[in-house]
Amino acid sequence: MKRSRINEIMAEADEMIRHHGFALPPFAYWTPDEFKARADDARAVIDARCGWDITDYGAGRYDEMGLFLFTLRNGRLADLQRGGGMCYAEKLLISKQDQLSPMHTHVIKAEDIINRGGATLVVELYGSDADGNFDESAGGVVMCDGIRREFSAGEKLRFAPGESLTLMPGDWHAFWGEGGDVLVGEVSTVNDDETDNIFREPIGRFAEVEEDVDPTHLLVSDYRQWL
């Protein structure tokens with residue numbers, strides 16, 4: 001993805017987030033130079049990979065297959081492993097109209113996916129085989145707003161603003177906006193986007209960035225290089 005397009009997406013996303021009554025934390029608006037200058041103080045943000053995250057899954061077709069994310073907070077895997085401490089994470093996502101977030105699951109993370117506002121969020125679901133692999137014939141059970149719901153293989157569930165879905169490890173899912181863009185909340189156990197996203201197809205999690213202009217703000221995938 002071109003950096004100029006990433007900068008545009010950030011501006012558009014910030015406008016949508018504010019429109020729905022949310023505000024991003026102050027570090028979201030730091031310039032790269034400000035982030036460098038405050039890197040020591042922001043070490044917890046950097047290590048937890050909180051911040052801007054825009055991906056086209058390496059396919060170069062963001063409007064068709066992509067996702068905007070902002071990680072607001074993220075816990076520590078060590079705390080999760082010992083069963084106490086900061087074991088949670090929170091994100092805001094924007095799923096644009098007909099923009100696919102492709103079929104995937106997680107090994108560790110359980111997550112609540114919440115329609116925070118906008119259009120309808122569509123989630124396509126499949127179950128797993130005994131080893132946790134994608135099973136095109138398997139359904140399963142999920143919780144929708146705390147209510148148990150069985151689903152069949154490939155069933156598409158629709159969520160209006162305020163409605164939510166709880167996904168457990170092994171629940172295979174893809175999603176997109178229907179009838180418009182959707183602001184999505186994600187509340188989960190500790191999040192590791194580098195190793196805990198298992199895609200059905202062999203695709204990448206992060207975009208390759210073409211530096212045609214300077215970044216307005218850093219992506220989480222920029223931290224190693226810039227900071």
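**Cores and cysteines in a predicted model**

Colleague: With which residues is F70 in contact, leaving aside its neighbours within four places in sequence?

Modeller: This is a predicted model, in which local features need pLDDT of at least 70, side-chain atom pairs count only at pLDDT 80 or more, and totals for chains, interfaces and linings use all residues. Residues are numbered from 1 along each chain as its sequence is written, and side-chain values use heavy atoms, with hydrogens and water left out. Contact means heavy atoms within 4.5 Å, and on that basis the partners of F70 are L24, P25, F27, A28, G51, W52, E90, K91 and L92.

Colleague: Which element gives the most residues to the largest nonpolar core?

Modeller: A nonpolar core is a set of buried Ala, Val, Leu, Ile, Met, Phe, Trp, Tyr and Cys residues joined through side-chain atoms within 4.5 Å, where buried means under 20% relative accessible area (1.4 Å probe, protein chains only). The largest one has 32 residues, and L24, F35, W52, I54, F68 and F70 touch the most other members. Helices (H or I, at least four residues) and strands (E, at least two) are DSSP runs, numbered from the N terminus, and those giving two or more residues to this core include helix 3 (43-47) and strand 2 (67-74). The element that gives the most, with six residues, is helix 1.

Colleague: How many disulfides does a search of the whole structure find?

Modeller: A disulfide is counted when a pair of cysteine sulfur atoms lies within 2.5 Å. The sulfur of C87 is too far for a bond, because the closest cysteine sulfur, in C50, is 15 Å away. Across the whole structure, the number of disulfides found is zero.

Technical notes:
Buried means under 20% relative accessible area, exposed over 50%, partly exposed in between (1.4 Å probe, protein chains only).
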